[in-house]
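Trainee: I'm new to this one, and I'd like to learn how to read it. Could you walk me through it?
Mentor: Gladly. Let's put it on the screen.

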Amino acid sequence: MVLVHEVGLLAPNDVSKKKIPNVRRLLHANRHRHVSAVFCGPRPNDVNPMIYGQADVLYLFHLPLEQDRDKMAKVVGLSRDELTEAMESLGPYEYLRYDANQPAPEAGEEDRRIVIKEAIPEEYVKA
């Protein structure tokens, strides 16, 4: 398991930025080398699309910039307005979880791939 903070520095979307050796190798290694990674960062628009395009699970906190919501709305299958509405309903430290492993809904069914998750209770964090 690899934990990466500031994923935009390690795997930038801008091809003019310096490429970090072995990042593509890491992204392709999951199936073959049994390695997983957790990527964290504030701006989806600055991140190589392969990061979230291959993700099994995405955790989306409030995204104040429209272009970031546009990008993530497309990834999770919502309109920007739907994603914006969901994000505006979030309380402090709450987030949206998108699980790509869940099946797409049939016509008229609720989409179970994206759900609002409550913040971790303060007493649990303090413990």
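Mentor: Helix 5 (residues 80–88) lies across strand 3, strand 4 and strand 5, running at about 130° to strand 4. Before we go on, this is a predicted model, where local features need pLDDT of at least 70, side-chain atom pairs count only at pLDDT 80 or more, and totals for chains, interfaces and linings use all residues. Residues are numbered from 1 along each chain as its sequence is written, and side-chain values use heavy atoms, leaving out hydrogens and water.

Trainee: How are helices and strands picked out, and how is such an angle defined?
Mentor: Both are DSSP runs numbered from the N terminus: helices are H or I with at least four residues, strands are E with at least two. Axes are lines fitted to C-alpha atoms, for helices over the stretch in contact (heavy atoms within 4.5 Å). Angles run from 0 to 180 degrees between N-to-C directions. Helix 4 (residues 66–76) also lies across strand 3, strand 4 and strand 5, at about 145° to strand 3.

Trainee: Which residues of helix 5 are buried?
Mentor: Buried means under 20% relative accessible area, exposed over 50%, and partly exposed in between, with a 1.4 Å probe and protein chains only. In helix 5, L83, T84, A86 and M87 are buried. Seen down the axis of helix 5, they fall within an arc of 165° (taken from the directions from the axis to the C-beta atoms), so they line one face. These buried residues pack against strand 3, helix 4, strand 4 and strand 5. The face turned away carries the exposed D81, E85 and E88.

Trainee: Why can residues that are not neighbours in sequence share a face?
Mentor: An α-helix has 3.6 residues a turn, so residues three or four places apart point the same way.

Trainee: In what order do the strands form the sheet?
Mentor: Strands pair if DSSP finds at least two bridges between them. Here 3 strands form an open, antiparallel sheet in the order 3-4-5. Strand 3 (57–60) and strand 5 (114–117) stand at the edges, each with a single partner, so one side of each has no neighbour in the sheet. Strand 3 pairs with strand 4 (residues 95–99) over 4 bridges, and L58 stands opposite Y98.

Trainee: How many aromatic pairs are there?
Mentor: Rings of Phe, Tyr and Trp (its six-membered ring) pair if their centres lie within 6.5 Å; planes under 30 degrees apart are stacked, over 60 edge-to-face, the rest tilted. The count is 2. The ring centres of F61 and Y95 are 5.3 Å apart with planes at 40°, so that pair is tilted. Y59, F61 and Y95 form one aromatic cluster.
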